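Here are a few short exercises to work through with the structure open beside you. Try each task on your own before reading the solution.

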Amino acid sequence: MENKKTLRAPVSQKPLVIEKPENPEYIGGSVSIEINEKKFTVPLGTTILEACRQNQIHIPTLCHHEDLCVAGVCRICVVEVEGMRTLQASCAFPITAPLKIRTTSNAVRRARKHVLDLLLSEHYGECYSCFRNNNCELQSLAKEYGVDHYNFGHIQTPRYEVDNSSYSVVRDMDKCVLCKRCVRTCIDLQEVGVLEAIDRGHNTHIGTFWDKPLAEVICINCGQCINRCPTGALRANDPRDEIWSAIDDPKKHVVIQTAPSPRAAICEEFGMEPGTSLTGEMNTALRRIGFDVVFDTNFTADLTIFEEGTELIARLYNALVKKEQVALPQFTSCSPGWVKYLEHFYPEYVDNLSTAKSPQQMFGALIKTFYAKKKGIDPKDIISVAVMPCSAKKFECNRPEMVDSGFKDVDYGLTTRELAQMIKEAGIYLPEMPKSHFMPKSHFDDPFGEASGAGLIFGATGGVMEAALRTVIEFITGKKVENIFANADITPVRGFEGIRYAELPITEVGPVPKLIAHLVPDWNWLKGATLKIAVVHGTANAKKVMDDIKAGGKFSECHFIEFMACPGGCIGGGGQPIPTTPEIRKLRAKAIYDEDSSLPVRKSHENRHVVEIYDEFLTDGPCGHLSHKLLHTHYVKRGKYIA
Amino acid sequence: MLVVEKNALSEEIESYVNKYGNDRSALLMILHEIQKKHRHISEFAQQEVARLLNIHPVEVFSVISFFAFLNSNPKGRNLVRICQTISCDMKGKSGLVKAIERELGIEMGGTTKDNKFTVEYANCLGLCDMGPAMAINDQVFLQLTPEKAVELLGKVK
Amino acid sequence: METIKKKRTGPVIFSEYKRGDAITKALSMTREDILFELKDSKLKGRGGAGFPTSTKWMLTAAAKSNEKFLVCNADEGEPGTFKDRVLLMEYPELVFDGMVVGGYTIGAQKGIVYLRGEYEYLLKPLEDYLEVMRKDNLLGKNILGKKDFSFEIEVFLGSGAYVCGEETALIESLEGHRGEPRNRPPYPINTGYLGRPTSVNNVETLAAVSHIVMKGGSWFAKFGTDKSSGSKLFSVSGDCEKPGVYELPWGIKISELLEIVGAKNTKAVQIGGASGHCVPKSQFNRTMAYEDVATGGSVMVFNESRDMLHVLKNFMEFFVDESCGQCTPCRMGNVKLLEGVEMIEKGEYTFAHINKLKDLGRTMQLASKCGLGQSSPNPFISILDNFKDEIFNAANGGRNGK
């Protein structure tokens with residue numbers, strides 16, 4: 001499971017360092033406590049909050065988050081501990097000795113109510129005009145504690161300006177409750193370090209360096225702060241209005257591509273348990289609300305495997321056979337948060353990034369060229385929308401270089417949350433939608449109708465690597481990947497460990513497939529070599545790996561590394577439904593892997609439409625001239641200096 | 001900021017880092033030195049400190065914004081702080097404040113046009129037995145009258 | 001700034017002491033013996049909280065670590081307190097000798113004086129003094145020839161934040177963070193500066209230690225009361241003829257103290273600084289002691305002419321300024337209390353609302369993260385309760401008859 005990071009956090013926010021006994025059965029390994037006059041035994045070092053939750057005793061929380069280190073600042077979780085003069089924050093109190101705890105006393109109830117009264121008194125605005133209405137932790141607490149009026153008044157004029165400078169993240173500090181979850185996310189979980197508490201006392205607010213607009217600092221747009229904000233203080237920059245206008249405009253041909261992760265998570269926006277894929281339902285809904293065609297980003301994910309895989313083979317060939325200076329390991333470039341992270345923090349390594357665009361941008365370029373031509377539509381009349389689990393995709397489609405079709409390749413990035421909102425606005429209850437027609441045809445529209453399971457698993461950490469391996473193994477060995485990994489499930493790269501490393505010895509080689517025959521004459525140069533790969537998710541882990549590479553450590557010997565900015569990969573993206581926890585991310589990933597196993601085509605190179613597009617349009621093959629123009633890009637050495 | 005100035009500032013900060021180390025626990029010492037010399041810690045200086053201590057610029061900015069004696073924006077050449085806490089208040093702090101405001105033509109918190117003075121309130125200078133107290137830069141003056149306070153300001157260069 | 005040493009007299013702190021004596025004597029004793037003397041002295045922390053010093057040092061001494069720290073808390077920010085300034089300026093030998101003794105007792109290699117930024121003018125004299133100690137081998141390696149005992153002291157200058165007087169906030173700021181108090185537990189005695197066991201002691205406590213080492217724990221315990229042994233330095237300011245620092249035994253009555261300092265027509269005394277309690281005339285027979293009116297030493301005297309609401313407002317403004325802003329009750333509660341005072345000032349209050357605020361104050365006392373928020377409602381509650389006639393019950397229903 002992903003660990004709670006504590007690298008950057010001030011000590012005040014780190015959990016108590018207790019050497020927990022390996023086994024709670026050992027002497028001194030556990031402690032007997034009494035909660036509300038009932039006896040329990042818990043392992044040494046368990047917090048009061050954990051002890052209560054393990055034993056079904058409810059404690060309200062606000063600044064606590066399962067992914068993050070301790071803060072103990074909101075004081076909503078206070079409890080009474082016998083012998084202590086003051087109330088204790090249960091989230092921050094490790095049990096190291098027998099305690100008697102009361103969670104329901106008058107002082108506790110009153111304190112919690114007071115904390116809420118205080119927070120509400122400066123929580124500007126009204127719930128019904130807030131996007132977090134009905135999914136707000138402050139609102140739920142107010143309901144739980146029966147707040148029916150403002151005991152200490154309610155602020156009538158805003159104190160701060162809304163910062164909507166960023167393409168990705170909008171900050172409305174008037175709704176902030178100073179729980180510092182975003183700070184802990186940004187500094188500690190992600191190690192990006194854009195947000196911190198500024199000023200002190202009543203003037204304390206969460207801000208950026210020099211209180212600059214978000215667009216001017218080194219935000220990577222990962223949106224993890226949004227996912228962990230308990231209120232409406234952080235949200236994504238929402239393009240719904242523009243998209244509705246395009247839909248309502250009969251002259252516009254509105255195209256939508258849907259990434260793999262939203263379909264595995266959108267159910268949560270409709271009150272369902274996490275982990276149910278609603279691919280078919282979502283596609284029906286998309287057509288009903290007025291999108292002209294619905295494409296599957298998994299298609300360009302398959303294309304990415306061709307382009308990125310070919311690029312890797314070319315790099316390896318140039319390095320090993322031609323002995324040229326080549327940037328290795330090659331890094332994946334699908335995650336725009338990761339790309340921007342690298343551009344800022346390790347600009348000297350931008351050459352290691354695969355030049356292949358992300359699936360979203362590849363699709364954008366194809367829609368306004370190949371598709372437009374094929375359908376006889378003027379590309380200027382096409383509005384291209386991408387449903388993504390991601391807030392950084394909004395920035396990505398606005399990068400000035402992403403205009404290779406002659407137009408803005410992708411017009412709008414739409415998050416899972418925003419799409420759910422659009423579906424609701426259209427009066428549709430998604431779980432009740434009929435599934436779109438699947439067999440024998442696809443859910444999705446032609447000419448990109450087919451996508452493989454390999455493209456689908458791009459959504460989870462390790463997925464890009466697994467998809468690449470399914471193809472690369474077969475390309476090189478000429479054998480079925482199933483012969484090596486049962487069901488073609490490449491389990492060594494799966495899971496949630498922050499950094500995963502694997503070695504694949506190449507013992508035998510086959511013939512070079514026709515599609516890339518122009519690149520390498522044979523595979524003999526790979527025989528006996530060991531392919532070293534790594535999978536990394538969360539930029540804090542990326543930092544560790546990059547520092548290792550810089551220091552010439554084991555990761556510098558890798559050939560190919562998958563990096564995802566968000567913990568869990570795209571399924572934990574900054575555009576996904578709120579809340580997020582390790583458990584929820586696990587269920588979403590499972591939904592994706594389950595759907596993958598059920599698909600008839602599970603390898604990118606078996607996607608017949610991809611093969612067709614190389615026959616028909618990108619005729620000089622992967623990494624050829626046209627694909628370079630449309631499907632590849634370049635990066636900017638941004639650096640860390642904030643002007 | 002000129003490149004030459006930037007380089008000089010970077011070198012200066014590097015010398016502080018050499019003196020106090022590049023651990024985060026050296027941060028406040030380094031900031032003190034910069035503050036003392038330049039009377040503020042500029043945007044560039046903050047980023048240099050962050051770079052050399054391997055922390056994020058916003059962390060430096062956050063710490064500076066927390067402490068009353070560190071500031072990001074320049075103040076006047078001389079910093080005048082008048083204790084506003086109750087003991088000094090009872091001994092006639094408001095008289096002092098009014099006189100100084102009149103004399104310098106600015107309000108508390110302000111800076112004179114010639115950039116010579118910034119006047120601020122301070123929270124308890126720890127001189128409660130000898131109030132009202134006022135600090136000009138790192139010197140303190142006790143048992144002041146409005147007249148004496150103004151006279152003191154006159155002596156400052 | 002006046003630096004001539006005033007002639008001060010007092011039973012304990014200001015009694016005869018020769019520089020270096022406590023160090024010499026302590027190094028001839030075992031660590032256990034020093035702890036026993038401290039235990040006998042029943043010395044409690046002089047910063048205000050009153051935690052037994054022997055226990056704190058025993059726990060720090062017992063904590064497992066090859067690196068430990070002793071921090072002298074000279075971030076004297078409580079309004080009305082200036083005893084530490086006097087001690088550091090006039091009696092640095094007491095404080096620094098106490099630190100060396102402490103370092104020896106708990107097994108620390110380094111002592112840090114956290115000097116408040118407002119006392120920057122003390123920095124140079126203190127550093128000069130430390131230099132002299134180094135020359136005389138009262139600091140440095142193998143102090144006074146004692147093998148395996150090396151101790152250094154450095155002075156760290158604060159940057160203007162009252163909350164850094166709270167020991168964990170102090171440590172945070174030493175580590176280069178915002179001065180925000182930590183969650184406790186863990187306590188500094190096992191996870192302090194840089195995660196190492198750290199004892200944080202008040203300036204006056206350390207000064208007392210020097211005397212206790214020289215004259216014995218039982219000598220010290222003779223002064224004061226049973227639960228509050230020894231003497232206390234009181235910082236007296238406000239409406240009296242002779243403000244200043246006084247050393248008096250614990251257990252002295254407020255009225256006695258007022259007499260000594262020449263206070264006349266006294267209406268109220270604020271004891272323990274802004275975060276302390278406001279004692280009205282009717283309670284002047286109460287005693288200064290941990291068991292009655294506990295204090296870190298600040299005594300502010302108000303005579304009949306003073307407007308108590310104005311006093312309260314000054315205190316609440318102070319807390320709004322100085323709250324670190326980390327936890328909800330303190331960050332926002334103090335603002336609400338100040339607003340309440342302003343409502344009373346303008347005559348725009350209801351008793352219902354004021355009672356609500358007092359109730360909020362009680363929550364702040366219980367639910368705030370650190371001592372600042374836990375004590376900042378004290379003046380609000382005590383002044384409004386003890387001076388309600390003056391503040392609320394004037395003939396015209398307004399405030400104070402105005």
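## Exercise 1: Two domains and their contact

In this predicted model, the centres of domain 2 of chain C and domain 3 of chain C, taken over C-alpha atoms, lie 22 Å apart. Describe how the two domains touch, starting from the number of residues that each one brings to the contact.

**Solution**

Step 1. Count the residues on each side: domain 2 of chain C gives 8 residues to the contact, and domain 3 of chain C gives 13 residues.

Step 2. Find the element that supplies the largest share of the domain 2 side. Strand β8 (residues 277-280) of chain C does so, with 3 residues.

Step 3. Sort the domain 2 side by residue class. You should get 5 nonpolar residues, 3 polar ones and no charged ones.

Step 4. Place both domains along the chain. Chain C is divided into domain 1 (21-222), domain 2 (231-303) and domain 3 (308-391).

## Exercise 2: A profile of chain B

How many helices and strands are there in chain B, and in what order do its elements run from the N terminus on?

**Solution**

Step 1. Count the elements: chain B has 7 helices and 4 strands.

Step 2. Read them from the N terminus on, which gives α-α-α-α-β-α-α-β-β-β-α.

Step 3. Add the dimensions. Along the principal axes, the C-alpha atoms of chain B fill a box of roughly 50 × 30 × 25 Å.

Step 4. Check burial: 43% of the 157 residues of chain B count as buried.

Step 5. Turn to the contacts in chain B between residues at least 6 apart in sequence; 59% of these join residues at least 24 apart.

Technical notes:
Residues are numbered from 1 along each chain as its sequence is written. Chains are lettered from A and ligands numbered from 1 in the order in which they are written. This is a predicted model: local features need pLDDT of at least 70, side-chain atom pairs count only at pLDDT 80 or more; totals for chains, interfaces and linings use all residues. Domain bounds come from an automatic or database domain assignment. Two residues are in contact if their C-beta atoms, placed from the backbone, lie within 7 Å. Helices (H or I, at least four residues) and strands (E, at least two) are DSSP runs, numbered from the N terminus. Ala, Val, Leu, Ile, Met, Phe, Trp, Tyr, Cys and Pro count as nonpolar, Asp, Glu, Lys and Arg as charged, and the others, Gly among them, as polar. A residue is buried if 20 or more other C-beta atoms lie within 10 Å of its own, exposed if 12 or fewer, and partly exposed in between; C-beta atoms are placed from the backbone.
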